[in-house]
Amino acid sequence: MSQTNQPNDASRRKFLQTGALAAGSFFIVPRHVLGKGFIAPSDKLNIASVGFGGKGASDLNNSFNNGANNVVALCDVDWGLQRVKENFTKFPNAKRYKDFREMLDKEGKTIDAVTVSTADHTHAVVAMAAMQRGKHVYVQKPLTHNIHEARMLTEAARKYKVVTQMGNQGSSNPQQKEMVDWFDKGLVGNVHTVYLWTNRPVWPQGIPVPQPASETPVDLDWDLWLGPAQKVGYTPAYHPFKWRGWWNFGAGALGDIGCHIMDVPFRVLGLGYPTQVESSIGSVFLKDWTPEYIPEGCPPSSHVELQFPQSSKNKSAVKMVWLDGGLRPFRPEMLPAGEPFPENGENGVFLIGDKGMIACGMYGDNPKLYTKSGDKREAAPKPKAGTAGTVSLAENGHQVFWTEACKAGFNSKEHKALTSSFDFAGPLTESVLMGNLAIRSYTLRTPKADGKGFNYPGRKQLTWDGKNMKITNFDEANQFVSRDYRDGWKLV
């Protein structure tokens, strides 16, 4: 829909939220006059996308939902990426930008909602700028780069009364509801131990800091890509995709997969903030007897343990064990002989209770229940990708449910039915990032008094005050709760 045909922003938003025309907006031809299956222009959400050269391409296209909504603006700092070019071609009438701030300033009256699928370090600044302008937002996982940003976005969603969703699409997987039902019926009892594991990282990680390239690609605005991060030179070892392994931009294996598989115990058990966290990490040796010290980068593997108090649903404290880098837990007693690990051991979840256990794969896929009495249950297969009515089932309909909630408005039943609005996704992300706080504390070192070797004061069990976002027994760890933004960037 062209900008000249748009009603003013307030009236259009009111229409999208209430289903009735506001005073001063243009005349709408009734749907039955237009024909069966035709969607009136006023029923379409006007979407802008920030970062659509990677995962953002599916976020954009699933939200577009085969023409159920409009794509009015496209923003990416690298116009040379293949998926960027493809979507410029697919949406020729969408306005094109490299700077999201310019896009929001110029197209603000046209845009209803924004998808944010940039690198982790710019999620918060883009989403906050959109929410402050009253735009609904869909933000890729992890919601933010650090704990403080996650708290700020969670509070901002309530303040600005916008509809939000994080991109952990497994949360819309109907098989997760079956796991919740098994637990609520008491089939596994109270869960005391959770194991989460992944084959990530599947990109180079635990490697020496790369040297900048001699040239930056002509289509890439590197300074905009850096955003609030510390200024460093461009290298293909950072962009595209490989930024995940560097703390300046990414959140490692936990950031990539944690919001997918930690989502399961959070939802099933009704968990809140953890109270303690401890970690250990794998070492890299390029010289005999001398482990590499690379505090700028995420480790090749990690083992993290989070402690959660009992919840209103689960009357037991929970030890949650995270393993990455190809590590996985040992075989639980209740997993019958001959039963395989989820996803051949590459990614998965075990919830172990006093009566039984639940196992599932990434995104909560293919859950199975095993009880001490020998019973076994499997969840019903989830619907295959396709369309059910007006809802595209791609990625479990996760993006489409968000767009429909945006049309219904803040606090609508559609909004309340979303599975990963920031009220849920914010605390989940904070807990995921607690693992990274422990990992980064683990690498802190100080020289020994005799000059021979180092002390590692952060290698301890850290105690967390979730309400106040503070480690209470090792103050140096609190530097990782937030980050220093580069001059010219802020989050307020």
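Biologist: Let's start with Lys376: what is its relative accessible area?
Modeller: Bear in mind this is a predicted model, where local features need pLDDT of at least 70, side-chain atom pairs count only at pLDDT 80 or more, and totals for chains, interfaces and linings use all residues. Residues are numbered from 1 along each chain as its sequence is written, and side-chain values use heavy atoms, leaving out hydrogens and water. Buried means under 20% relative accessible area, exposed over 50%, and partly exposed in between (1.4 Å probe, protein chains only). Lys376 falls in the partly exposed class, at 40%.

Biologist: Which residue does Lys376 pair with in a salt bridge?
Modeller: A salt bridge here takes a side-chain nitrogen of Lys or Arg within 4 Å of a carboxyl oxygen of Asp or Glu. For Lys376, the closest N and O atoms are 3.4 Å apart, and the partner is Glu378.

Biologist: And which residues do shared salt-bridge partners join into one network?
Modeller: Salt bridges are the links in that network. Its members are Lys141, Arg200, Arg244 and Asp256.

Biologist: Which helix holds both Asp263 and Arg267?
Modeller: These two form a salt bridge, with 2.8 Å between the closest N and O atoms. Asp263 is buried at 0%, and Arg267 also counts as buried, at 19%. They sit 4 residues apart, so about one helical turn separates them, in helix (a DSSP run of H or I, at least four residues, numbered from the N terminus) H11.

Biologist: Is Lys106 buried or exposed?
Modeller: Lys106 has a salt bridge to Glu102, at 2.9 Å between the closest N and O atoms. Glu102 is partly exposed at 34%. Lys106 has 52% relative accessibility, so it counts as exposed.

Note on methods
Helices (H or I, at least four residues) and strands (E, at least two) are DSSP runs, numbered from the N terminus.
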